[in-house]
Amino acid sequence: MIFTWMVMIAVAVDSASGAMNGDVQQPCAKIHTSSLVVPLGSPITATCVIRQDCYELNEEDVRIAWYLGTELIPSSLAVNESNMVSRIVVPSFNHTREELICGFQDPRQDLAGVVIQAGYPPEKPENLSCQLIINAFNSLICTWDPGQLNTSLPTKYTLYTETRDLNSNNTYEVPPDIHHVVISRADFGIYMAIKIYVKAENDLGEATSAEMVFKPISVVKLDQPSIVKIGVVPKRFGCLQLTWKLSKQQAWLHHNPFNLDIRLKTADSSQPILVSYVKSPKKVECCSLLDGTQYLAQIRVQCEQSPWSEWSSSKSGVTLETAPTGPLDSWMKVSKNKENKNLNIQLFWKPSKLFSANGRNLSYVVSQPKLRSKRKIMCSTSEKCCAFQPSKGARKFFLSAVNSAGKSHPTEIRIYQPQAQMAIMDVTAVPHADRSFLVQWTADSNSDLIDYVVEWKPLLNTDLCKINFEIVNKSQCSLIITGSFEPYKPYGISVYPRFKDGIGLPQTVNAYLRQEAPSVVPELKIKQNWNSDIEISWEEIPLEQRNGFIKGYKVFYWEENGPVKAVSADAEDRRVILKDINPVSLYEAFMMVSTFGGSLNGTTIRFKFTSSDQATIVIIATASGTGLTVLILLPLLACFSKHKTMDLRLWPVVPDPANSSIKRWSSESTQFSHPSWDNNEPNPIYLSHLSFLDLTTKLSKEQDDIWLNSKEETSDLPESICGSVFMPTYSSSNSESVHYATMLPSSTCSSPKPNEPVYLRSESTQPLLEAEESLTPRHYQNVPSDGMPKEQCFFGPCDDDIPEEQNNQGVIWDDFPFLRALAMNEREHN
């Protein structure tokens, strides 16, 4: 058995493609089927026959197997008539394309196979249509719809044409999946009837479309026409005359009858007017239009039942003008002049639904009733607003519209006095869509109420004629207002009640269409400080830079390397207080301003809390580059500051000779000496040099009197002068001098009393610190001396000021350097 099976496999491998019969190779197996193309889902029957001269098989040892692609068909569907013949029935073939194979199963050995396709027969072509294209090539294009069903089989389409007048039939085959045909001009006549139909074919059947018989001229697609001229019809109001033509390539068709559509539209209208003409001539009239109105016109043409051409470019025309007709809607605001008690009237108007301008250049006239057979004109304007003062006693006036053809019938407007009645509450205005607001209000019931007036205006534009209004029925409590509203701009919206005898008080709200963060943040200003608290304020943001409603302010501040603190302020309050400020620390702060549309942070400032006679705050720098400004301003502030600490910081200290110890003076110039920043008092200044002058001559009494009594400037005299150190300031030409005064022996002067100290004016270039208020020295500036009068106590306390227990003590020379120097000088002379 095994040997027989191995022989069979060897023979099958050697001759699976068939046995050689002479020089012709024949297949060893063959499949017979009823059809290779079947409807999708239908049953199929096939028979596999194996040639006996290829294999010698034992019927009991092997059975024929069937495959559909890679899938094994169950053996229950197959019937083996012998070991060489097998028949199978597939109840439903659900593949659009698959191979049916017969052979052996273990191991699989394919002997024969056929490809079977499945699909649907074609649908009838629908919507067959043709269009004549007149251009340089003149052709007829026909298209059709193949149907919704996908046949899954290659389908061929063929277009058939029959022209009886020409006695010619033509056939046009197209590739699969192509559903149009271009017929050349030689195969048809433009004015001759032609019959066209389409046939669809595949392996499962065929279908033919409905026949179409037409003249090609009736299916021509005309080019875009053009308007030659549009103008008025003489002596006919509300009419326009229009002349048109075809394109240059289609101008030879002008003798054919065409259908014409005219589309008219005014500049301020969104709905166009459509006028149609059948078999239109080249010149047509359009009537029943508004007088004195500009219209934009477009046209399109059609030949019989052909497709419409594209709309032409627009051209404008103006009908004849007539006088305006219909009333105007008006809104009047009345106030009293406090000075002369006259009425001030602001009048606004707009066309009503019944108004017709009947002209383009429209103006308006406001006049009072006739006085002496003549009306008094209050204003004449092309705007839709007017402000004037009526004559005393006037109760009404008239409003008329005027154009070049005449004046409208006047609209009478009565003057109503303003009233203090409150009939409206809770007015709100919220954005509605992109360019509108929804205004709502609550009204009290009042039998005298006539209607409401909703008024709105841009707050950034004070032009009176920018005010708009709408009159609302008294039963209505809401209104959608539309206009040229801009985002981020503020608008004022008011609702007025109107009564039979006057106008009530309005309710007004402000509104934004959209909001965003402000454009600027105010500059922080330190207003005042006390203890460890600082009050910071700022200016109000200009209305044009707010971009929305200010929701609030928040100031953030922090100490160096410290946590951030925040203080908030309401929109109405423009100040905050920063608490618990460390006096020795440097702080930074900035402010954030918020609207309902966003927030913006301001510039960061740095400040420090310094102590002096009173606490002050100094802004050191800002993050936006204002540090240079601060550096420039500080010296200017210092120049004009009267503060003691600021003087000591910026000016050099010059010692007061009468209130210092000479032994501690420095020999160097004190011009560039500065005090320590850590102490409010100046540092001691040391001097190690002191010089004395002797007078060898004695001044006469006349000379003394001259010096003492002279009112002229004596500061430039080189001689020594006897007198007090508190003489007028003296400036010498000798810039090397550094001494303010030199003590002289009392015997050298004649005018002072004996034993009194005498001073010689110095030639120092150093300025004195302050001008003395009095020429009388203070008591602490004089040296005490036995028997010296009180008024001459220059360098120390007088006797009356010294406690009794110190009366017997000796003089402490270190405390009186000038006296010690005098004593030394006397010893040298002796």
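Which residue forms a disulfide with C379? In this predicted model, the partner of C379 is C386, with the two sulfur atoms 1.9 Å apart. The link is left-handed, with -140° about the S-S bond. Both C379 and C386 are buried.

The disulfide of C379 and C386 belongs to a count of 5 disulfides. Another joins C385 to C465, at an S to S distance of 1.7 Å. The torsion about this S-S bond is -65°, and the link of C385 and C465 is left-handed. The pair connects distant parts of the chain, 80 residues apart. C385 sits in strand 31, which covers residues 385-388. C465 sits in the loop between strand 37 and strand 38, the latter covering 468-473. The two ends also have their own burial classes. C385 has a relative accessibility of 7%, so this cysteine counts as buried. C465 has a relative accessible area of 25% and is therefore partly exposed.

The disulfide of C48 and C102 has its sulfur atoms 2.0 Å apart. The torsion about the S-S bond is about 50°, so this disulfide is right-handed. C48 lies in strand 5 (residues 44-50) and C102 in strand 10 (residues 97-104), so the link ties together parts that are 54 residues apart in sequence. Both C48 and C102 are buried. Two further cysteines were examined for burial. C303 has 2% relative accessibility and so counts as buried. C477, with a relative accessible area of 33%, is partly exposed.

The chain as a whole comes next. The chain has 830 residues, of which 38% count as buried. Its secondary structure comprises 5 helices and 53 strands. Among contacts with a separation of 6 or more, 59% are between residues 24 or more positions apart. The exposed area is about 48800 Å². Carbon and sulfur atoms supply 50% of that area.

In soluble globular proteins, nonpolar side chains tend to be buried together. Here, the largest nonpolar core contains 44 residues. L140, I183, I196 and L242 have the most contacts inside this core. Leaving out residues up to four places away in sequence, L242 touches I227, K229, I230, I262, K282, K283, V284, A297 and I299. A second core, separate from the largest one, has 25 residues. I50, I64, A78 and I116 are among its members.

Buried positions also include a glutamate. E455 lies in strand 37, which spans residues 449-458. Its relative accessible area is 2%; because buried means under 20%, E455 falls in that class. The side chain of E455 makes a polar contact with the side chain of W331, at 2.9 Å. Apart from neighbours within four places in sequence, E455 is in contact with W331, K333, I467, N468, F469, G492, I493, S494 and Y496. W331 thus appears both in this list and as the polar partner of the E455 side chain.

The aromatic residues form pairs as well. The whole structure holds 15 aromatic pairs. In the pair of W538 and Y553, the ring centres are 5.1 Å apart and the planes stand at 55°, so the pair is tilted. W538 and Y553 are 15 residues apart and link distant parts of the chain. W538 is in the loop between strand 44 (533-537) and strand 45 (550-559), whereas Y553 is in strand 45. Both W538 and Y553 are buried. Elsewhere, F437, F485 and Y491 form one aromatic cluster.

I577 completes the description. This isoleucine is found in strand 47, residues 575-578. Its relative accessibility is 25%, so I577 counts as partly exposed. Leaving aside residues up to four places away in sequence, I577 touches W530, D533, I534, E535 and V567. I577 and K527 are 50 residues apart in sequence. In space, their C-alpha atoms are 9.9 Å apart.

Technical notes
Residues are numbered from 1 along each chain as its sequence is written. This is a predicted model: local features need pLDDT of at least 70, side-chain atom pairs count only at pLDDT 80 or more; totals for chains, interfaces and linings use all residues. Side-chain values use heavy atoms; hydrogens and water are left out. A nonpolar core is a set of buried Ala, Val, Leu, Ile, Met, Phe, Trp, Tyr and Cys residues joined through side-chain atoms within 4.5 Å. Buried means under 20% relative accessible area, exposed over 50%, partly exposed in between (1.4 Å probe, protein chains only). Contact means heavy atoms within 4.5 Å. Helices (H or I, at least four residues) and strands (E, at least two) are DSSP runs, numbered from the N terminus. A polar contact is a pair of N or O atoms within 3.5 Å; within protein, one must be able to donate a hydrogen and the other to accept it, and residues adjacent in sequence count only if both atoms are side-chain atoms. Accessible areas come from the Shrake-Rupley method with a 1.4 Å probe; for residues, only the protein chains shown count as cover. A disulfide is a pair of cysteine sulfur atoms within 2.5 Å. Rings of Phe, Tyr and Trp (its six-membered ring) pair if their centres lie within 6.5 Å; planes under 30 degrees apart count as stacked, over 60 as edge-to-face and the rest as tilted.
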